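Subject: Structure for you to look at

Hello,

Here is the structure I said I would pass on. Please open it alongside the sequence and read the notes below with both in view.

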Amino acid sequence: MKFFVRLVGLLVVIWLALLVTGYGVLAGSHKNVAGMGLQCQYLTARGMTTAQYLHSDSGIVGVTDCPLLKKSSEVIDN
């Protein structure tokens, strides 16, 4: 029971941190537009957001993978 309470407490602290800072954690991604685009989905405290990036395997133009964290445009203190 102690473990469950601590786990729920930790999740609440993480959720509050995401809410206050406005960051989102990568939840999923997939290539689109014939492999030239990369669509990344982020889980924020307010829901899911989507970001589009230019994709290349080399990373010279665009990104190779989605960033793990992304700052959302909506923050609680705005």
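Start with the link between C40 and C66: the angle about its S-S bond is -80 degrees, which makes it left-handed. Please keep in mind that this is a predicted model. The two sulfur atoms of this disulfide are 1.8 Å apart. For background, a disulfide is a covalent bond that joins the sulfur atoms of two cysteines. The search covered the whole structure and found one disulfide.

Which parts of the chain does the pair tie together? C40 belongs to strand 2 (residues 37–44), while C66 sits in the loop between strand 3 (47–54) and strand 4 (69–71), so the disulfide connects parts that are 26 residues apart in sequence.

Are C40 and C66 buried or exposed? Both cysteines are buried.

C40 also has a place in the strand pairing, since S29 stands opposite C40 in strand 2. Strand 1 and strand 2 run antiparallel and are joined by seven bridges. These two strands make a hairpin, with four residues between them. One residue to look at in that turn is V33, where phi is positive, at about 55 degrees.

Strand 1 (residues 23–32) also pairs with strand 4, again in the antiparallel sense, over three bridges. In this pairing, V25 stands opposite L69 of strand 4.

When you follow the strands on screen, remember that side chains in a regular strand alternate between the two faces of the sheet.

Regards

How values were computed:
Residues are numbered from 1 along each chain as its sequence is written. This is a predicted model: local features need pLDDT of at least 70, side-chain atom pairs count only at pLDDT 80 or more; totals for chains, interfaces and linings use all residues. Side-chain values use heavy atoms; hydrogens and water are left out. A disulfide is a pair of cysteine sulfur atoms within 2.5 Å. Buried means under 20% relative accessible area, exposed over 50%, partly exposed in between (1.4 Å probe, protein chains only). Two strands pair if DSSP finds at least two bridges between them.
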